[in-house]
Amino acid sequence: MALTDGIVPDNPKMEGKQNLFRVAIVGGGIAGLILGQLLSNCPEIEAHVYERNSESEDRLAGYRIQLSLETLQQLQSHLPRETWNKVLPSIGKTPKEGYYHSCFMRPDGHIFYTYLPDEFRSTAAVSRLRLRRGLLHGSSSFLRLGKKFSEYEELEDGSVKVHFADGSSCICDLLIGADGISSRVRRQLLPHIKTVQTDVAIIYFKVPYTREVESMIPYKTGSLVLYPNGQEITIMTWQNPDQPYARGLDPEHIGPETSYVMLGFGSRLESFVNPKSPTEMSPQELKSECIMRVHGHPTHPSVKALVELIVTDSCYMNIFRMVDVPSSWDSGHITLAGDAAFNMAPFLGKGAACAMMDAVDLAQTVVRLPRATVHERQVMLRRYVDVMRTRRLKERKRSAFVMNICFFGTTPLRAALRDYGMQVANYWLTSSVSVKILVAVGMFIFLFCGGSLGEFLAKIGRHVENMAIRGPTMAV
């Protein structure tokens, strides 16, 4: 269904741009490009996307993102058909199980928690590179490269003047900040909102997905390997539907279209082996850092072999930052989308999905603005902000919860409590009501007799390990 279904302009031909509702979108990321695609075909709207980079592909373009089929169906419904046909090849080969299934495991290969929420049964791994290329299809009509946003100015007639670093400017009726976590638009719109740098860093690498590498993958389509010192390794896959297996292993280079296993090495900054600042380390030094980590702790041979195959030029390192969550704001001519509003933790892969939903929801709002009064515009944009904020806050809490679990185990004791706690949770979720009652009664008696919750979790966890229903361990 097209965004403009049911909306017919008084004069469909609309000669002269002075009658058009002008939209300026700052930021040519996923949200910005979707907005550009959806709004550029609306007869009452003139939309332009302003991207600071002079090149159309960003540094993160080569990595995978996890999207729900519902999100992809939304894109298919609203994007121009030719654009969707270009986006479609970004969807990776469906796993042989038919869905994506992840687990939490110890370095020795013991699986203590399997993660398969209902939403994971209807998701797809998407190549960010191919997705971006698809969204760039036909973008020459609306995308303006090399335009770094500087500031905006609210004019007396209700319009907005947008200034760029090269001295140029444009006038718009609506300014949309889709310029990411460091959003300059947000900085001016909501100056009290701060961005805080955490002490968590994640190093990403790829390994070509060959048949040999496939046998090294710890668990189906994804794993979180949790170490006792608060470090973790995320292992996820993307297979090119046109060529599911890579043709060879090159330790230095991997092609942008090559099927791969993505490895993300997360830790607190204080846990780095190399004393240099991560921001000053070369790709080769970061690669050595990751390999030293798996050799510094007893690690399953398959995981260790997989890590030793990481490709140098696929390296990307990110020290995670968190944007304060703003209250809903009222404005009839300035709003935000994607991480420009506020971001979420780099777990569960919800950032890109939320950015897409933001863009679709906002576009559906914007197409109704040309015929609205000033007050109606403010009400409609506030409604969008409320829905967007609620969705993003929910996913932020979920992703932050998983991140806190991963980095809780900064000492062997805390790691044991984390692992046993998750093992008990897994046992609890898969047990009958009668077993749950017995566990609850046992915990009450144990605590009443002076025991601690940690001791109880440890005892139950060890008991679960010795039962036939315990989690599997990888074969050597």
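**Sheet β8-β9-β10 and the packing around helix α9**

Three strands form an open sheet in the order β8-β9-β10, and their pairing is antiparallel. The model is predicted. Beyond the sheet, this briefing covers two helix contacts, that of α2 with α9 and that of α1 with α9.

**Sheet**
- β8 (149-154) and β10 (169-172) are the edge strands; each has a single partner strand, so one side of each lacks a neighbour in the sheet.
- On average, and with direction ignored, neighbouring strands of this sheet are turned by 20 degrees against each other.
- Strand β9 (residues 160-164) runs antiparallel to β10 and is joined to it by four bridges.
- Val162 has Cys170 of β10 opposite it.

**Helix α1 against α9**
- Helix α1 (residues 30-39) packs on α9 at an angle of about 30 degrees, and the axes are 9 Å apart.
- Angles under 35 degrees count as roughly parallel, and α1 and α9 are therefore roughly parallel to each other.
- The crossing of α1 past α9 is right-handed.
- From α1, the contact uses Ile30, Ala31, Ile34, Leu35, Leu38 and Leu39; α9 contributes Ala352, Ala355, Met356, Ala359, Val360, Leu362, Ala363 and Val366.
- By class, the residues of this contact are 14 nonpolar, no polar and no charged.

**Helix α2 against α9**
- Helix α2 (residues 69-78) and helix α9 (residues 350-366) have axes that come within 10 Å and cross at roughly 35 degrees.
- The crossing of α2 past α9 is left-handed.
- Thr71, Gln74, Leu75 and His78 of α2 meet Ala353, Met356, Met357, Val360 and Gln364 of α9.
- This contact comprises five nonpolar, four polar and no charged residues.

Notes:
Residues numbered from 1 in each chain as written. Predicted model: local features only at pLDDT ≥ 70, side-chain atom pairs only at ≥ 80, totals over all residues. Heavy atoms only, no water. Pairing = 2+ DSSP bridges. Axes fitted to C-alpha atoms, helices over the stretch in contact; angles between N-to-C directions. Left-handed = near helix turned anticlockwise from the far one by under 90°. Contact = heavy atoms within 4.5 Å. Nonpolar A, V, L, I, M, F, W, Y, C, P; charged D, E, K, R; others polar. Parallel < 35°, antiparallel > 145°, perpendicular 65-115°, else oblique.
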